[in-house]
Amino acid sequence: MKLLLNTDLLKLSALLFVSFAFFYIGKHWSDGYQQLVFFSTSRSSQNAAVSLSPNYNKTFNISSLISSNQTQSQITSSAPPSPAPVPSPPTDLIRKFGIVNENGTMSDEFEIGEYDPDLVETEWGNGNGTEATEEKTEIGGARVKIRRFEMCPESMREYIPCLDNVEAIKRLKSTEKGEKFERHCPENGTGLNCLVPPPKGYKPPIPWPRSRDEVWYNNVPHTRLVEDKGGQNWISKEKDKFKFPGGGTQFIHGADQYLNQIAQMVPDIAWGRHTRVVMDVGCGVASFGAYLLSRNVISMSVAPKDVHENQIQFALERGVPAMVAAFATRRLLYPSQAFDLIHCSRCRINWTRDDGILLLEVNRMLRAGGYFAWAAQPVYKHEEAQEEHWKEMLNLTTRLCWELVKKEGYIAIWQKPTNNSCYLSREAGTKPPLCDPDDDPDDVWYVDLKACITRLPENGYGANVPSWPERLQTPPDRLQSIQFDAYIARKELFKAESKYWNEIIESYVRALHWKKIKLRNVLDMRAGFGGFAAALIEQKLDCWVMNVVPVSGFNTLPIIYDRGLIGVMHDWCEPLDTYPRTYDLLHAANLFSVERKRCNMSTIMLEMDRILRPGGHVYIRDSIDVMDELQETAKAMGWHVTLRETSEGPHASYRILTCDKRLLRA
């Protein structure tokens, strides 16, 4: 009995102790520090039998309560203090780095600023205390080491391997025909083995469409064009930006007015309907092509890396399709009958030299019934030398069976015939002759120019493409004539590829939010029939695609152009003729499993890093057996990688490797 009383006493003591402890804690938290705040200032009922918080009828300055650096002061006065007004920040300190403006409203008018620190690798050094690490992985049962790639010297920040090969250019026997502007790639084992650095102060590019009119100076820090062409309305420098007024040497009043003039001269040109794909030769900063984009016309702007070497770099920074290329001794890397119109405005090319061999190259690439527009001094100047040049041009174009359809002011426009009848009716011995029947006009990889007229297909293939946009999804006639491993059901294959990529891009837009990542310059590394690019258009993504057809496969490039898209022939075992930091997205489907039989995959990956912008993305769809090496190579270049399953599920033989390139700074 005594033991029971002692137990009850012990329980009672414990209960009293716990009650006292809770009372003390409640007292401390109710009228001490970190008080419980009720944001109601009135009772719901005068007769409510409810105890009120000690903070009832007090008003607090909430901004002071949430301060992260100061201890809250205990409020002892019962009178509510007047809240201090929050001062507005000075207007000149507001920096627009997002899409919420200073008034707190959503806006598309925003300024791109510095990179997010989380997207910058700041400890990527070369012998400055940061040792290069080695990545190891099991590939094909063998242990492979991939050493972290170092940064290239600062002098290589605009390096184009096949166009900056100084030693190879020195060994050329002649440069009088522009040979030094053509491809001279490094020999095997001497190519790029480091990461090309960005210029100091590099920023995320200004998004399209604002980039048409302005780009950051630090991204292309060269003023040669401003100094040489400042008076011709090409380009100007204002503070930390280059501005593009939209003019040119021959159209100082603006590209829009110039395009209107051409359309009025020859109404059948019909921008955006009949004329969809254009080449601009000697493009300057590509304002001609930039202003055509708003008319549903895509232009391949080309220029050599000459004394005005940064023309193409400016074009690409603006978000305009462009590529380094030169009319010299070899065929350009585009197929026959590719362009609906080819334009040359003071492009400094002597079209009549060597029996007109350069204009014959234009003729090869020009679609049957297409137009050549020439804006140059011989068209309108009455000096003896200029008039003589004009007569030579008239003589050559007549022998090419071109018709001068209009000459107005400083512009002359010719039209190419739609068949071979005029060529065959010329007098015997007329030069230039027709090319041999067995000459393949679509064979362009390291093929010399030929002083002959490219024959048009007797079946009319290439001449009668539908108007835009119908031509995008219409199987073209040339689908039946290209070399391909399918002899029947080619139209069905064409439609199946289009459907396949449209479904994939639709899923990317839905699940991976592609419309939010500001794509502009896109490159498809193994384009096939161009289904990937067509799907981007169908999904209304505001970007353009450079479709690359590798030399290791079938030449489907004519199909791509017949669809109203652009592209180029290329060998991925060699570098591409473009500047560093060119593209926002690189897409490679079933590329590495094919090309690894011909060259190292790391060679291709380093080239991808060179042409990809910091902040850019890579999507690789390929077989599982190449993914381990690709992942480790990407990590060795500083990319952030994610391996994803395809829609076929975890047991499929394919995977998707997505990579993000970060801004590397030593």
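This is a walk through a predicted model, one selection at a time.

**Stop 1: N219 and its surroundings**

Start by selecting N219, in the loop that runs between β4 (214–216) and α4 (224–229). Is this residue buried or exposed? With a relative accessible area of 2%, N219 falls under the 20% cut-off, so it counts as buried. Now show side chains and bring up E317: the side chains of N219 and E317 make a polar contact at 2.9 Å. To see what else surrounds N219, add P199, G201, Y202, K203, P204, P205 and Q313, which are among the residues it touches beyond its sequence neighbours (those up to four places away).

**Stop 2: the little sheet with β4**

Keep β4 on screen and add β5 and β6. These 3 strands make an open sheet, ordered β4-β6-β5, with antiparallel pairing. Which strands stand at the edges? They are β4 and β5 (236–238); each has a single partner strand, so one side of each lacks a neighbour in the sheet. From one strand to the next, the twist averages 30°.

Zoom in on β5 and β6 (residues 241–243), an antiparallel pair held over 3 bridges. Pick E238 and look across to β6: its bridge partner there is K241.

**Stop 3: two loop residues with positive phi**

A bit of background for this stop: most residues other than glycine have a negative phi. Select A270, in the loop between α5 (255–265) and β7 (277–281). A270 is not a glycine, yet its phi is positive, about 45°. A270 has 30% relative accessibility, so it counts as partly exposed.

Next, jump to R346, in the loop between β10 (339–345) and α8 (353–365). R346 isn't a glycine either, and its phi is positive at about 50°. With a relative accessible area of 35%, R346 is partly exposed.

**Stop 4: β13 and its two partners**

Select β13 (residues 411–415), where 4 of the 5 residues are buried. Then show β11 (residues 366–375), which runs antiparallel to β13 and is joined to it by 5 bridges. Add β12 (residues 403–408), which also pairs with β13 in the antiparallel sense over 5 bridges.

Click on W414 in β13 and look to either partner strand. F372 stands opposite W414, and L404 stands opposite W414 too. Before leaving, follow the chain from β12 into β13: the two form a hairpin with 2 residues between them. In that turn, G409 has a positive phi of about 60°.

**Stop 5: two cis prolines on the way to α12**

Move on to the loop between α11 (421–424) and α12, where P432 lies. The peptide bond joining K431 and P432 is cis, with omega about 0°. P469 sits in the loop between α11 and α12 as well. The bond from W468 to P469 is cis, with omega near 10°. For context, most peptide bonds are trans.

**Stop 6: helix α12**

Now select α12, residues 490–511. Its 22 residues reach 32 Å from first C-alpha to last, close to the 32 Å expected at 1.5 Å a residue. Colour R490, F494, E497, S498, W501, I504, I505, Y508 and V509, which are buried. They cover an arc of only 140° around the axis, which puts them on the same side of α12.

What do the buried residues of α12 pack against? Show α13 (531–538), α14 (557–562), β17 (583–589), β18 (612–623) and β20 (654–660) to see the answer. Then turn the helix around: the face away from the buried side carries the exposed residues E492, K495, K499, R510 and A511. Step just past the end of α12 to H513, where phi is positive, about 55°.

**Stop 7: β16, covered on both faces**

Finish with β16 (residues 566–570), in which 5 of 5 residues are buried. In a regular strand, side chains alternate between the two faces of the sheet. Colour I566, V568 and H570 for one side, then G567 and M569 for the other; both faces of β16 are covered.

For a last selection, add β15 (residues 544–550). β15 and β16 pair in the parallel sense over 5 bridges. Pick N547 and look across to β16, where G567 stands opposite.

How values were computed: Residues are numbered from 1 along each chain as its sequence is written. This is a predicted model: local features need pLDDT of at least 70, side-chain atom pairs count only at pLDDT 80 or more; totals for chains, interfaces and linings use all residues. Side-chain values use heavy atoms; hydrogens and water are left out. Buried means under 20% relative accessible area, exposed over 50%, partly exposed in between (1.4 Å probe, protein chains only). A polar contact is a pair of N or O atoms within 3.5 Å; within protein, one must be able to donate a hydrogen and the other to accept it, and residues adjacent in sequence count only if both atoms are side-chain atoms. Contact means heavy atoms within 4.5 Å. The expected span of a helix is 1.5 Å times one less than its number of residues. The arc is that of the directions from the helix axis to the C-beta atoms. Two strands pair if DSSP finds at least two bridges between them. Axes are lines fitted to C-alpha atoms, for helices over the stretch in contact, and angles run from 0 to 180 degrees between N-to-C directions.
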